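Colleague: Could you take me through the pockets in this one, and then through the strands and cores around them? I'd like a close look rather than a quick tour.

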Amino acid sequence: SCFSPVSSFRTVTNTTILISPDDNTLGIATPISFVWEERLDASYRFQLSLHKDFSEILLDTNLMQGNLSINMKSNNTTYYWRVAVIPLSDVLCPSNFTEPFMFTTNLAAPILLNPENEVVLEKNEAFLIWEAVEAATKYELQIATDTNFTENLESFVNIINTSYEKHSLNEFKTYYWRVKAL
């Protein structure tokens, strides 16, 4: 017999490999740098969602490079991200999306209330107060004599209250303080 009429089919392009942030990363700081393995002659479709099934998509964008940096606006929020490869050639089909990776943004930074910035204390002790952060279970307080927190650094961890009383401060000294929610 004769051959049948010619028919064709195409295969999909292989997915890429997600690199960063790692899957199940907790407490990641913003801006977040998303990185995936780059492919030759390809562009990429990046998606970000609050849902693992991507039923609601926060960001859906096409990119020519294997990375993207995003300033996340929500603290202590879980996100999912995935990428598809789109070949630059019309002959090849786009890949399926990668399996999604999950990450959670860090807690908000506490707002420092007392003492007010640049105030001169009447005594050589300070009663430090900050606002509570939603979902925080404890705090870390740092006090130093320089803004880089490298000189005379004191660190107090696992504080469960939103205040700390610091005694025996040196006279005629400028101190800097900061608090991190945990």
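Modeller: Strand 14 is the top contributor to the lining of the second largest pocket, giving three residues. Keep in mind that this is a predicted model. Strand 2 (25-28) and strand 8 (101-105) also give two or more residues to that lining, as strand 14 does. In total 13 residues line the second largest pocket, and those nearest its centre are Gly27, Asn106, Leu107, Ala181 and Leu182. The space inside comes to about 200 Å³. If you sort the lining of this second largest pocket by class, you get seven nonpolar, five polar and one charged residues.

Strand 14 turns up again in the largest pocket. That pocket has a volume of about 650 Å³. Its lining is made of 25 residues, with Val119, Leu121, Lys173, Thr174 and Tyr175 the closest to the centre. Strand 14 (176-181) supplies at least two of the lining residues, and so do strand 9 (112-114) and strand 10 (126-130). By class, the lining of the largest pocket splits into 15 nonpolar, four polar and six charged residues.

Now for the sheet that holds two of those strands. Strands 9, 10 and 13 make an open sheet in the order 9-10-13, paired antiparallel. Strand 9 and strand 13 (163-166) are at the edges with a single partner strand each, so each has one side without a neighbour in the sheet. On average, neighbouring strands in this sheet are turned by 25° against each other, direction ignored. Between strand 9 and strand 10 there are two bridges, and the two strands run antiparallel. If you want a spot to click on, Leu112 sits opposite Trp130 of strand 10.

Back to strand 8, which we met at the second largest pocket. Strand 8 is joined to strand 7 by four bridges, running antiparallel. Trp81 has Phe101 of strand 8 as its bridge partner. Strand 7 itself is mostly covered, with eight of its 10 residues buried. Strand 7 also pairs with strand 4, antiparallel again, over eight bridges. There you'll find Ala42 opposite Pro87 of strand 7.

Those strands feed into the largest nonpolar core. That core has 19 residues, and the ones touching the most other members are Phe34, Trp36, Phe46, Leu48, Trp81 and Phe103. Two or more residues of this core come from each of strand 3 (32-36), strand 4 (42-49), strand 6 (67-70), strand 7 (78-87) and strand 8. There is also a second, separate core of 14 residues, with Ala126, Trp130, Leu141 and Ile143 among them. You've seen Trp130 already, as the residue opposite Leu112.

Strands 3 and 6 belong to another open sheet, a three-stranded one in the order 1-3-6 with antiparallel pairing. Here strand 1 (18-20) and strand 6 are the edge strands, each pairing on one side only. Neighbouring strands of this sheet are turned by 25° against each other on average, again ignoring direction. Strand 3 and strand 6 are antiparallel and pair over four bridges. One place to look is Ser33, whose bridge partner in strand 6 is Ser69.

Methods:
Residues are numbered from 1 along each chain as its sequence is written. This is a predicted model: local features need pLDDT of at least 70, side-chain atom pairs count only at pLDDT 80 or more; totals for chains, interfaces and linings use all residues. Side-chain values use heavy atoms; hydrogens and water are left out. On a 1 Å grid over the protein atoms alone, a cavity is a set of points where a 1.4 Å probe fits but cannot get out, and a pocket is an open set with protein on both sides within 12 Å along at least five of seven lines; lining residues have an atom within 4 Å of a point. Grid points are joined across faces, edges and corners, and a volume is the space filled by probe spheres set on the points. Ala, Val, Leu, Ile, Met, Phe, Trp, Tyr, Cys and Pro count as nonpolar, Asp, Glu, Lys and Arg as charged, and the others, Gly among them, as polar. A nonpolar core is a set of buried Ala, Val, Leu, Ile, Met, Phe, Trp, Tyr and Cys residues joined through side-chain atoms within 4.5 Å. Buried means under 20% relative accessible area, exposed over 50%, partly exposed in between (1.4 Å probe, protein chains only). Two strands pair if DSSP finds at least two bridges between them. Axes are lines fitted to C-alpha atoms, for helices over the stretch in contact, and angles run from 0 to 180 degrees between N-to-C directions.
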